[in-house]
Amino acid sequence: MGATGDYSCLLLTRQSQEREDVINQFLRAWKKPGEPRVQRVYQVVPSPHVKERFDRYALSVGNVRRRFHGTSIECDFGIDLGAPPCESKTCRVCNILSSGFSKRFAGNGPNISLRRLRYGNGIYFSATSGKSNDYAEGSERERRGHAWRCMLVASVAAGKVFKTIEAEILDERLLPPRGYDSVVGEVGPNLNYDELVVYNDAAALPEFLIVYILKA
Ligand SMILES: [Zn+2]
């Protein structure tokens with residue numbers, strides 16, 4: 001169903017064990033006020049090129065984790081069943097589905113202010129789905145009286161992790177710190193929820209797209 005024809009998104013049925021596992025992880029990892037309700041889960045089958053790029057990188061640095069990524073979407077894919085992924089170069093969700101993650105979309109977008117880029121020009125993930133939801137406001141659509149949103153679930157090759165409790169690292173030359181592949185902002189006095197930042201487009205692979213509603 002991919003616009004470029006070399007990737008696809010499979011709508012998982014209720015019989016799918018993977019669907020159940022992803023939903024359970026999403027709900028357990030919310031850890032914030034509000035009660036999301038999952039409507040659909042798509043499994044992403046990425047293009048061979050994107051998969052290969054990730055596999056090669058993951059093999060070289062290791063430490064692969066499953067993490068959440070909230071971002072914006074321009075089209076109604078995922079929200080409206082009949083809507084296919086779009087081909088817009090600026091639709092973040094569809095670009096990630098078709099071409100993988102890209103630092104091109106870090107910061108300076110309409111929905112992510114630089115203030116939120118604590119650890120520089122990288123690609124941001126969290127183990128806390130409720131935290132990633134803060135970045136997903138640009139995916140929100142009103143349907144049948146509910147606020148619908150979507151969120152990506154990715155495999156992220158963190159490699160050697162630089163852990164910090166600093167609220168931010170502003171010097172781009174230090175990112176990632178020499179000898180490290182990624183930065184993890186740990187929960188502490190400065191940070192309420194964890195963040196994992198990678199600086200290589202090959203370091204993450206989209207695995208699922210979760211479509212959910214936020215109960216008022
Ligand atoms: Zn789109």
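1. Start with the surface. The accessible surface of the chain is about 10,300 Å². Carbon and sulfur atoms hold 49% of that surface. Keep in mind that this is a predicted model.

2. Next, overall size. The C-alpha atoms fit a box of roughly 45 × 40 × 35 Å along the principal axes. The radius of gyration is 16 Å, and a compact globule of 216 residues would have one near 17 Å, so the chain agrees with that picture. Buried residues make up 54% of the 216.

3. Now the order of elements. The chain holds four helices and 10 strands. Read from the N terminus, the elements run β-α-β-α-β-α-β-α-β-β-β-β-β-β. Sequence distance matters here too. Take the contacts with a separation of 6 or more: 72% of them join residues 24 or more positions apart.

4. Charges come next. There are 30 positive and 25 negative side chains. The centres of the two sets lie 2 Å apart.

5. Look for the aromatic rings. The whole structure contains seven aromatic pairs. One of them joins Phe 26 and Tyr 212, with 5.1 Å between the centres and 55 degrees between the planes, a tilted pair. Phe 26 belongs to helix H1 (residues 17-28) and Tyr 212 to strand E10 (residues 204-214), so far along the sequence that 186 residues separate them. Both Phe 26 and Tyr 212 are buried.

6. A second pair is worth a look. Phe 101 and Phe 125 meet edge-to-face, at 5.1 Å centre to centre and 70 degrees between the planes. Phe 101 sits in the loop between helix H3 (92-99) and strand E4 (123-125), while Phe 125 is in E4 itself, so the pair ties together parts 24 residues apart in sequence. Phe 101 is buried, and Phe 125 is buried as well.

7. Return to Phe 26. Along with Trp 30, Phe 68 and Tyr 212, Phe 26 forms one aromatic cluster.

8. Is helix H3 mostly covered or mostly open? H3 is mostly covered, with seven of its eight residues buried. The buried residues are Arg 92, Val 93, Cys 94, Asn 95, Ile 96, Leu 97 and Ser 98. What do they pack against? Their partners are strand E1 (8-11), strand E2 (36-45), helix H2 (48-61), strand E3 (64-69), strand E6 (146-157) and E10.

9. Check both sides of H3. After the helix comes Gly 100, with a positive phi near 85 degrees. Thr 90 is in the loop between E3 and H3. Leaving out residues up to four places away in sequence, Thr 90 touches Glu 74 and Asn 95. Asn 95 is one of the buried residues of H3. Thr 90 and Ile 73 are 17 residues apart in sequence, and their C-alpha atoms are 8.6 Å apart.

10. Finish with a charged residue. Lys 131 lies in helix H4 (residues 129-132). Is Lys 131 buried or exposed? The cut-off for buried is under 20% relative accessible area. Lys 131 has 10%, so Lys 131 counts as buried. Which residues does Lys 131 touch, beyond those up to four places away in sequence? They are Lys 32, Ser 126, Tyr 193, Asp 194 and Glu 195. Gly 100 is 31 residues from Lys 131 along the chain, and their C-alpha atoms are separated by 21 Å.

Methods:
Residues are numbered from 1 along each chain as its sequence is written. This is a predicted model: local features need pLDDT of at least 70, side-chain atom pairs count only at pLDDT 80 or more; totals for chains, interfaces and linings use all residues. Side-chain values use heavy atoms; hydrogens and water are left out. Helices (H or I, at least four residues) and strands (E, at least two) are DSSP runs, numbered from the N terminus. The radius of gyration is taken over C-alpha atoms; the globule rule is 2.2 Å times the number of residues to the power 0.38. Buried means under 20% relative accessible area, exposed over 50%, partly exposed in between (1.4 Å probe, protein chains only). Contact means heavy atoms within 4.5 Å. Accessible areas come from the Shrake-Rupley method with a 1.4 Å probe; for residues, only the protein chains shown count as cover. Lys and Arg count as positive and Asp and Glu as negative; His and the chain ends are not counted. The place of a charge is taken as NZ of Lys, CZ of Arg, CG of Asp or CD of Glu. Rings of Phe, Tyr and Trp (its six-membered ring) pair if their centres lie within 6.5 Å; planes under 30 degrees apart count as stacked, over 60 as edge-to-face and the rest as tilted.
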